[in-house]
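Got the viewer open? Here's a walk through the model, one selection at a time.

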Amino acid sequence: MAVRVITVARPAPGLARRKLWTSLFVGLAVVTAHFLRNLLKFASGGQDFTIHYPEQRLLQPPALRGMPVLVQMENGKERCVACGLCEWACPTNCITIFPGETANEVERYPEVFDIDMSRCMFCGLCEEACPEEAIVMSRQVEIACYSRAGSMWHKADLLVPQAQLKTRIDYLRHGYDR
Amino acid sequence: MAKTVSIQVDGRPLTAPESASLLQVMLDAGIDIPHYCYHPKLSIDGSCRLCQVRIEGMPKLQISCNVQVREGMTVYTQEPGVAAARRGALELLLINHPLDCPICDKAGECWLQNYAMRYGSRFASTLDPRRKEGKRLDIGERMLLDQERCILCRRCVRFCREISKTGELTVFNLGDRSQLDIYNGGRLDNDYSICTADICPVGALESKDFHHKVRVWFLQETRSVCPSCANGCNIAISEYHNRIWRLVPRRNDAVNDTWMCDWGRLSYGFVNSEDRLRAPMVARGGALAQVEWDDALAAAAGALGRFKNSHGGKALGALISPHLTNEENFRFGQLLRALGVERTAMAVRRGKADQFLIKAEKAANARGVRELGLVTGEDDGLEQLLKAAEEGSLKGLYLCGDDIVEVAERPRLAKILERIELLIVQNLWLRPEFARAAVLLPSTTFAEKDGTFTNYAGRVQRISKVIAPPADWASDGEIFTRLMNGIAATHERFDLAAIWRSIARERPPFNQLSFDRIGETGEPLAEAGA
């Protein structure tokens, strides 16, 4: 079978090249202007635009899905009743729960609640599945660790007081129209 | 022979034995009719009102569980009127049902959840608060009652009256105040009490053993047979994280209907036990030391071979375990033949029995050992073997299982084990009685292997592997095979299908059977061997 060849006409390079050079200089000008402005402000003791992480931290919007944490009520107990829905919903199987029993009115609590952060992909399905508003995605994103064992977060590490998670919980109630 | 009639359900023609329950006929035909109170093994109650259908010629909707099929009956199950009746019945059931699902053990296998999702209206028209009643009531050694969750189907009440014949439970009061409870001062402590948790369509009756253990949707269920007594109740083993969490009965009308005893149900603990023998041991310098599998099997084969050469096979006795499968014991028989062993016996623990399911022989495969022709005599040859060991004509013993410790008198057994020159033990546990063993091989439980058990009535039933043993583990059958290969220089493998061909060839009662033909509910042995 004969191969039909179509020759495609390329646009003349001249104009495109010229555009490239101009935009390069425009870009450089913008960068230089910012640099000089920051330098002058910084030198005169004024405000600068850079967030000096880790001394300074940006307050992330509530829509951010950081690491999932457990909500701790005012009495120090977790809201979680170990129903296992997050464990079921989790696409990466990073949650492991074993329930326990207490004499309290809410008789069930998680005896073991482990999240393997090296497997977590921050999808937020656990939060969505939770019927008790007990696991929410926090603003915490600093979860680097020195060993694989360090990526396993246990219940005591995961508990965060409810007050600190208020913005996210409000956002969820608004977003899911709860 | 019952007459059969033909009926029509939603335009689909069905045939059924006359006067069968219409609901059962439809369920058997694979038509999904929601129901709570109906149970094939219990009497009809008609309290849940969920299985209503329209039958041509009848003025109102009928509960199909309480209708007997008649010739030419025309039934409609999918009409708007039927759906509305179901929705209404479900709404009434849900009025007072607590929203406990996240902490309820039944969630995931709850019939109320399933039917509410499938047939319910997702809308409640009542404004009154839910009824408050007793929760987590300790009503028995093994049972908890939650009255709020109860939907008053009375399955448990009928079970206690008709099956366990103890009648502890009843529904007190009437109408809105109806309440499931125990008769004054009683306890739900009969031998079959946990069956009420199985048949409870909601989480009102819960087994303490499974209370807050694991969510049911994580459980992997595998068909097997209860190993606790000679009855061989059909069960499903629930596994999660390589552990058994519960045993539940499986329907087999020839053996256990749909029930099982509490004792058998709670007997799985030994499989998960930390105290089990997890590595083979060999006597070194007067004490038992843990060794690798290959070394232990080489040591055992060597010791048996040397013993055979110096004393002859007749000086070796074998105790056959009634807990091992037919295939394993058949292979053990081949090994014993290769060794020239003549004295074999079996010790079977005996205990409480009743007229229903619990049998006195507390081992799953005692009948199988007898049918395989491995032991003979009224007491399975035990007395003869012990006597021979006392007289000194028996100098070596291959012990499978530790039932002998329970069955024989302790001082007598201790004296025998004291005199034995070669003791090889294959057992789940390390027991002080076996301190003088030359080789101690770990045994494998019913949940860690495939095979068959023969129950007291001669029914051969399959068990399945649920738990994975450690990587280089040798199951009992593999132990026997590798010892036989070492001693008789054969090149056999422990292959169930091949072993079954040999069993069927050599043992007349098993003639008609093959491993692949034994289905979910087992096959009986040939009558000639019974």
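What follows is a tour of a predicted model, beginning with chain A and moving on to chain B.

**Stop 1: chain A as a whole**

Select chain A and colour it by secondary structure. You should find five helices and six strands, and reading from the N terminus they go α-β-α-β-β-α-β-β-α-β-α. Now zoom out to take in the overall shape. The radius of gyration of chain A is 26 Å, well over the 16 Å that the globule rule gives for 178 residues, so the chain is more spread out than a compact globule. If you line up the principal axes, the C-alpha trace of chain A spans about 80 × 75 × 40 Å.

How much of chain A is buried? Buried residues come to 21% of its 178 residues. As for its contacts with a separation of 6 or more, 72% of them link residues that are 24 or more positions apart.

**Stop 2: the two domains of chain A**

Give 17-50 one colour and 68-175 another: these are domain 1 and domain 2 of chain A. Put a marker at the centre of each, taken over C-alpha atoms, and the two markers will be 44 Å apart.

**Stop 3: where the chains touch**

Next, show both chains. Seven residues of chain B are in contact with eleven residues of chain A. On the chain B side, that set breaks down into three nonpolar, two polar and two charged residues.

**Stop 4: a sheet in chain B**

Hide chain A and select 220-225, 234-240 and 243-249 of chain B, which are strand E11, strand E12 and strand E13. Together they make an open, antiparallel sheet of three strands in the order E11-E12-E13. E11 and E13 of chain B are the edge strands, each pairing on one side only. Look at the twist, too: neighbouring strands here are turned by 30° against each other on average, direction ignored. E11(B) and E12(B) pair over six bridges. For one spot to click on, try B:Ser224, whose bridge partner in E12(B) is B:Ile235.

**Stop 5: another three-stranded sheet**

Stay in chain B and go to the open sheet with the order E6-E7-E10, again with antiparallel pairing. Its edge strands are E6 (137-138) and E10 (205-207) of chain B. Between E6(B) and strand E7 (residues 143-145) of chain B there are two bridges. Show B:Asp138 as sticks and you'll see B:Leu144 of E7(B) standing opposite.

**Stop 6: a parallel pair**

Now pick strand E16 (residues 316-320) of chain B along with E17(B); four bridges join them, and they run parallel. B:Leu319 stands opposite B:Ala345 in E17(B).

Are the residues on the two faces of E17(B) buried or exposed? Turn on side chains for residues 343-346 of chain B: B:Arg343 and B:Ala345 lie on one side, B:Thr344 and B:Met346 on the other, and all of them are buried.

**Stop 7: B:Phe480**

Last stop: centre on B:Phe480, in helix H14 (residues 476-488) of chain B. Why does B:Phe480 count as buried? The cut-off is 20 or more other C-beta atoms within 10 Å, and B:Phe480 is buried because it has 28.

Then bring up its neighbours. Leaving aside those within four places in sequence, B:Phe480 is in contact with B:Glu328, B:Arg331, B:Phe332 and B:Leu335. Add B:Phe330 to the view as well: 150 residues along the chain separate it from B:Phe480, but their C-alpha atoms are 9.6 Å apart.

Terms used:
Residues are numbered from 1 along each chain as its sequence is written. Chains are lettered from A and ligands numbered from 1 in the order in which they are written. This is a predicted model: local features need pLDDT of at least 70, side-chain atom pairs count only at pLDDT 80 or more; totals for chains, interfaces and linings use all residues. Two strands pair if DSSP finds at least two bridges between them. Axes are lines fitted to C-alpha atoms, for helices over the stretch in contact, and angles run from 0 to 180 degrees between N-to-C directions. Domain bounds come from an automatic or database domain assignment. Two residues are in contact if their C-beta atoms, placed from the backbone, lie within 7 Å. Ala, Val, Leu, Ile, Met, Phe, Trp, Tyr, Cys and Pro count as nonpolar, Asp, Glu, Lys and Arg as charged, and the others, Gly among them, as polar. The radius of gyration is taken over C-alpha atoms; the globule rule is 2.2 Å times the number of residues to the power 0.38. A residue is buried if 20 or more other C-beta atoms lie within 10 Å of its own, exposed if 12 or fewer, and partly exposed in between; C-beta atoms are placed from the backbone.
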